Every structure is written in C-alpha cells, then in structure tokens.
Amino acid sequence: MRYRRIRSVLAVLPLGLSLVISAKCFAAETAPSPPRRPNVLLIVTDDQGYGDLAAHGNELLQTPNLDRLRASAVTLEDFHVDPVCTPTRAALMTGRYCGRVGAWTVTHGRQLLHARERTMADYFRASGYATAMFGKWHLGDFWPYDPGSRGFDEVVCCRAGGVDEIGNPVGNDYIDDVYFRNGVAESFRGYCTDVFVNEAMRVIRRPVQSEQGQPFFVYLATNAMHSPFNVPERYARRFRELGLPENRAKFYGMIENFDENLGRLLGALDQTGQADDTIVVFLGDNGTAANSGSEGAFNAGMRGDKGSVYEGGHRVACFIRWPNGLPSPHAVSELTCHRDLLPTLIDLCGLQTLRDGDASGFDGTSIAALLRNRAVDWPDRTLVVERQETTPALTGRTSPVASAKHALPQHAVLTRRWRFVNGELYDIAQDPGQATDVAAEHPVVARRLDDHYRHYYADVYANVEDDARIIIGAPESKSVEFTVRDWRPTSGNVIWEMGQLERDDLWIHGYWPLEVATAGRYRIELARYPFESARAMGAGSASLRVGPVEHSAETQPRDSSVSFVTNLAAGRHKLSGALVDASTKRSRGPYFVRITALAD
C-alpha cells in the first residue's frame, strides 16, 4: 500500500526528479530489515526430576504438552543442575558456580546472590529486552538481592523458598495466596501455578507494535512441585484411585496441572504468531521429590533424588525449542549443564556483554553449536556438582583416595564417561544406576577426578567472605525486613516453615550480618511472629545488640513486637537479639526484624 502511494506521487513529478526519488524510495522499500531478535521464555519447575514426565518412561503420568515440547525441541540428554533449589537458580542466572556467587544453600543468608553479579536479566535488559520474572526467585527478598533489583522490569513472586514459607504472608497455601508485584503485596485468586502462568501469558499477549518491536525475556519459575504437596483435588484424584501414596498422588497431580498450563503457554505463542520467533527453554531445578513420604517412585533407573549428588539428584530434563533459529529436533548427547544456558543465550540472541572478558568469566560455555547440530569437535569436559551445607567449610565425607586428609562436602565430579561421587567411581556408560564402585580398578582416574575437585574447591571458595550482608541505610533500603531464615545460627538452627514459629520448645539464637550504608539513627523492631499478624510474643523482656551497641527493655506478654531507637555507625556489624519468655525465663532470638532509617 505504501509503495502504491509513492508511485502515484511520482506520476505527477518531472521525470528527472521522479527517477531520483523513485530510486531512493525503492531502495528504502526493499532494503532487508535486520531479523527480529527472538523472545525467550525460560521455564524452571521445582523438584521435577528427569523421570517425572511420560516421555522419559513414567507410565503413570500424562504429560502431552511436555512430550510435545520435547518432540519439537533440541533435547539435552546428559544435562545437569545442582541438587537443590537456590544453587541451581544462582548458577542459572549467572553462568557461574553457585559457590563462586555466594548462593550455595537454601537458608542461613547463604541463598543471597552476590550483589556484584550480573544476572541473565541484566544481560537481556541491557540489550533492549522487556524482562519479567514470575514465580519463585529464592535468591533474596530485599534490596539488592530481590528480583526487581536484578534486572527484571516486572515481577510477581513469592518470597523465601516457597509460597507458604516464613517470609511470606500468613495463610499462603498455594491457593488464593498473597504474592508480591514489584515488591508490593497483592492478593491473587487461584492455584499458584495458574497465577504465575497467567502473568507470563499477559506478557506474551502484549501487542507487538512492529516487526522490530521490543522482544521479551520471561523467567517463569513455578513453585510446584515443591512440598507441601497441595493441588486442586481433580488433579490428584486419578493417582489416589490408582493406589499411590497421598504425597505422590498430589505431587503427580501438580505435574499434570503444570503440563496443562504449559499447553496454555505454547498455545498463546501460537495464537499471537510468536512461536517461531521464541526460544522456549524448559528444565527442572534438581532431582525428583516424588519419593517424599513414599517409596518406589519412578526415577528412570537413576540412583538418588533431590539433594543427592548421585545421578538422580542432578540430572534433569532440558528442552530448547526455536523453530526459526534451530534445525529440526535432535538429541545432544554431550555433557551439558545449567551454567551453559546464559552464555548460550548470549550467542543465540546476540546480547551485548556486560563484564570484561565475559566468556572467561563464565564457568559454563556456549553450546549454541551443539544446538544448531553443527559438526563440531566437542571435547570432553569435567563438571562439579556439590551439596554444600550452610558454610563452605570442609564438612562431609572424606574421599578414600584423597591426598589430603580433611573432609569435604558431598560432591560429584562428572565427565562423559565417569562419575566420581564422594570418593566412589562409576562408569556411567556401563552402570547408569551407579551400583558398582570401580575406584579400586581405576585408581588413576579416581585420583585425577579427586584432584580436580580439590582444585575446583580452592578456586571457587578462595575469596569467600561474610559479604552476603543485609544492607540498611542506603537510598534503596531505608526500611528492610528480614527473618530467622537469614540468620547465622549460634545456638540451634534456622527454621523456615510457618508451623515452626509455634513451637514453644525451640530456644534458638543467631545473628544477621549487616552493612550500614549511612551512619545515623535507626529504629529496630523485633518480633516472634510476622509483623502483620500482630500476635503476642509472650516475652517479658527483650534485648538487642548491634556491634558494640546494646539495648534492653521490659515488655508485656501481650506485646507483638519491641522497638529500639539507636545510633549506628557506618560499616559492618552483627545484629542479634533475645526475647525472654515470660513464664520459663528462657530466651530465643527474634524471628522477624524490621530496621528503618530515621530522619536526623
């Protein structure tokens, strides 16, 4: 239509002028426009193992949409993540080992991704993408760790490690819950997976103004299939009628609910004409939790499940589909991992780099050539998986072939052929179930892989500091709330389940590492229960210590919190407190803390 209008104008102009204009207009009309950058939809499910879909041999599950996605995608057959939630998410977002970026376990403040790290969302946003995150973040709930501070333009998420855990509003149970839209609490109707998928579909269906319109990067990280296993009855009923234990019936029901939602997502891409120009990546975050409270769940013949450094704890499904950018579906048999996905997406999407020597800064590597099915000489590689506890201390089992005699965390060293697991050696090609330890038959291999782990450990934890700190007094953090999940225990441990708040037999203590950005006056409030609940603490007195500053106060058993106003110097401090029970005179640490900077 535009060219016809130009031609009608040229008809009334002098011949010479019309020829010049015609040539320029024709060139502008026919010049090829640069290809539209692909959208990216990154989907991570929680606790769904390799065997938790029909296409991988689970005869009880009906997962037609997962199976359809797999059939139309590049399948990474030997793909690995970390054995639990936070480490996988930290490595996925940064392309680096979780220990290197400070988020190696799920509580104790060790789930906070270092503020200095660049996330996948940072890369996409710097390259002009609209970025959104929906679901479970589990890398920090306050500035500078929360998803809104890590490159995402819009966020709807739960806090902590799941929608029902300490740090979330009281009463969350997966259905009709309160989540946080860009940091503000909001009530939602419906099942948690349905809600997060609805938000993702809103972005997918947002009108694209032109062929060169802004592409999107959506990170959809469902809370399902994490415990407690809760799902609308219609999804669990079939499995219960098959005689499955209750937890597994609900767990499988959660998977089928997700599969139904995946069908909605893929349908929205089709309906909006964006399917061919969208990279869809699907993976699980660790091994299956289907064995929780039951035995005999299908695990595709692998040993171990969630939390284990045996194969079943970290080998998961990974499918990557991009109709316009990748060839026909095929399987990649080479050893790959979640740390590979960020450098791969940088390649596929042409994202600009954000750090000097990006490629050398990643512990993963781009697998774009493998996805494109190019004939490449892909070398064998050596990867590490570990189940670190709350600190990077040398704890766990001692390797029988280790040259040093100190103990190490639970760990596995992976190559194409071998799995070196806590000093045991398995030929994974011949023994996929890891039934026979062959370390004695291959001592040179065992020693080489053990040495690799020790060099890895010394490298990754070389600069470990107590720097995953709660920052107060910065312009972005005038008021900060945090919980017992984030403390470093000094007596007892961390608690994370809402029900644990009720336990009157817990006399536990801990401290929080603070960074005071600006010296000044601060109000520090302590409570046993969430502030919004206004529940009585039952305490007769309370005390507070921040660095060298100490305060104490008498309280009434009916008080729901206690407040102190104090001057704090800039710098690093430890914060701790005690709530003395009015009846037993024993004390526990406060489970909830709120700090607010006050005007001079």
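**Exercise 1. Find the residue of strand 25 that stands opposite Val-480.**

Solution. Val-480 faces Ile-595 in strand 25. Helices (H or I, at least four residues) and strands (E, at least two) are DSSP runs, numbered from the N terminus. Now widen the view. Strand 16 (residues 479–483) pairs with strand 25 (residues 592–597) in the antiparallel sense, over five bridges. Two strands pair if DSSP finds at least two bridges between them.

This is a predicted model: local features need pLDDT of at least 70, side-chain atom pairs count only at pLDDT 80 or more, and totals for chains, interfaces and linings use all residues. Residues are numbered from 1 along each chain as its sequence is written, and side-chain values use heavy atoms, leaving out hydrogens and water.

**Exercise 2. Describe how strand 19 pairs with strand 25.**

Solution. Take strand 19 (residues 520–527). Six bridges tie it to strand 25, in the antiparallel sense. Arg-523 stands opposite Thr-596 of strand 25.

**Exercise 3. Work out which strands stand at the edges of the sheet 11-12-13-14.**

Solution. Start with the order. Four strands form this open sheet, with antiparallel pairing. Strand 11 (383–387) and strand 14 (424–427) each have a single partner strand, so one side of each lacks a neighbour in the sheet. The twist averages 15° from one strand to the next; axes are lines fitted to C-alpha atoms, for helices over the stretch in contact, and angles run from 0 to 180 degrees between N-to-C directions. Inside, strand 12 (residues 410–414) and strand 13 (residues 418–421) share three bridges. Val-413 has Phe-420 as its bridge partner in strand 13.
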